[in-house]
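Hi everyone, thanks for making time this morning. I'd like to walk you through one model, so please have it open in front of you.

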Amino acid sequence: SVVSTQSTGNCVTFDLCGEMLASCDAYGVVKLWDVRRGGAEVGHFDYEPHPVNSVAFDACGACLAVSSNDGSVKMLEVEKGVATELTGHGDGVQAAIFSRDGDMLISGSSDSTVKVWS
């Protein structure tokens, strides 16, 4: 099946179990899709007006790192739909990824910095 975004799809990623798919787009919309249910949309989060550049699941699939052009990384609790914002970059965050053990989050920004969050 096909899943769609509102505008230019900037990133898509699976959780490690291959059961959930997350996508983000240039309008700042993040969507969650349940692969087991044929790609049914199960979450919709709007971070407009800032584009979302990347999304990455933690090892458990419980948390999604959302990299935004507003210079922040949002840590989205997938089940609750609640996000905590990490700030500290001086420009748009282009990517974020969790370490394999989940103890760290690493983010990279257009301000030429890489931050390690623990």
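Let's start with the pocket. Three strands, β1 (9-14), β5 and β9 (93-98), each give at least two residues to the lining of the largest pocket. Which of them gives the largest share? That is β5, with three residues. Before I go further, please keep in mind that this is a predicted model.

The volume of this largest pocket comes to about 170 Å³. If you want to colour the lining, pick T13, F14, L16, V55, A56, F57, D58, A59, I97, F98, S99 and R100. By character, the lining has eight nonpolar residues, two polar ones and two charged ones.

Two of those lining residues are worth a stop, A56 and F98. A56 sits in strand β5. Is A56 buried or exposed? Its relative accessible area is 10%, so A56 is buried. Leaving out residues up to four places away in sequence, A56 touches T13, C63, L64, A65, A96, I97 and F98. You can also find S67 from here: eleven residues separate A56 and S67 in sequence, and their C-alpha atoms are 8.7 Å apart.

F98, for its part, belongs to strand β9. F98 has 13% relative accessibility and therefore counts as buried. Setting aside neighbours within four places in sequence, the contacts of F98 are A56, F57, D58, C63, A65, M75, M104 and L105. Now look across to S23, which is 75 residues from F98 in sequence, with 17 Å between the two C-alpha atoms.

Next, the cores. The largest nonpolar core has 14 residues, and the ones touching the most other members are V30, L32, V55 and L64. Which elements give two or more residues to this core? They are β2 (20-25), β3 (29-34), β5 (52-57) and β6 (63-68). Another core, of ten residues, lies apart from that one, and its members include C63, A96, F98 and W117.

V55 is a nice one to click on, as V55 also lines the largest pocket. Not counting neighbours within four places in sequence, V55 is in contact with C11, T13, A22, S23, C24, V30, L64, A65 and V66.

That list brings us to the cysteines. How many disulfides does a search of the whole structure find? The number is zero. As a reminder, a disulfide is a covalent bond between the sulfur atoms of two cysteines. Take C11: the closest cysteine sulfur is in C24, 4.9 Å away, and that is too far for a bond because the cut-off is 2.5 Å. C11 has a relative accessible area of 22%, so C11 is partly exposed. C63 is in no disulfide either, with its nearest cysteine sulfur, in C60, 9.7 Å away. At 14% relative accessibility, C63 counts as buried.

One last residue before coffee: V82, in strand β8 (residues 82-86). V82 has 41% relative accessibility and so counts as partly exposed. Apart from neighbours within four places in sequence, V82 is in contact with M75, L76 and E77. You may recall M75 from the contacts of F98. Finally, V82 and T113 are 31 residues apart along the chain, and 27 Å separates their C-alpha atoms.

That's my tour, and I'm happy to go back to any of these residues with you.

Notes:
Residues are numbered from 1 along each chain as its sequence is written. This is a predicted model: local features need pLDDT of at least 70, side-chain atom pairs count only at pLDDT 80 or more; totals for chains, interfaces and linings use all residues. Side-chain values use heavy atoms; hydrogens and water are left out. A nonpolar core is a set of buried Ala, Val, Leu, Ile, Met, Phe, Trp, Tyr and Cys residues joined through side-chain atoms within 4.5 Å. Buried means under 20% relative accessible area, exposed over 50%, partly exposed in between (1.4 Å probe, protein chains only). Helices (H or I, at least four residues) and strands (E, at least two) are DSSP runs, numbered from the N terminus. Contact means heavy atoms within 4.5 Å. On a 1 Å grid over the protein atoms alone, a cavity is a set of points where a 1.4 Å probe fits but cannot get out, and a pocket is an open set with protein on both sides within 12 Å along at least five of seven lines; lining residues have an atom within 4 Å of a point. Grid points are joined across faces, edges and corners, and a volume is the space filled by probe spheres set on the points. Ala, Val, Leu, Ile, Met, Phe, Trp, Tyr, Cys and Pro count as nonpolar, Asp, Glu, Lys and Arg as charged, and the others, Gly among them, as polar.
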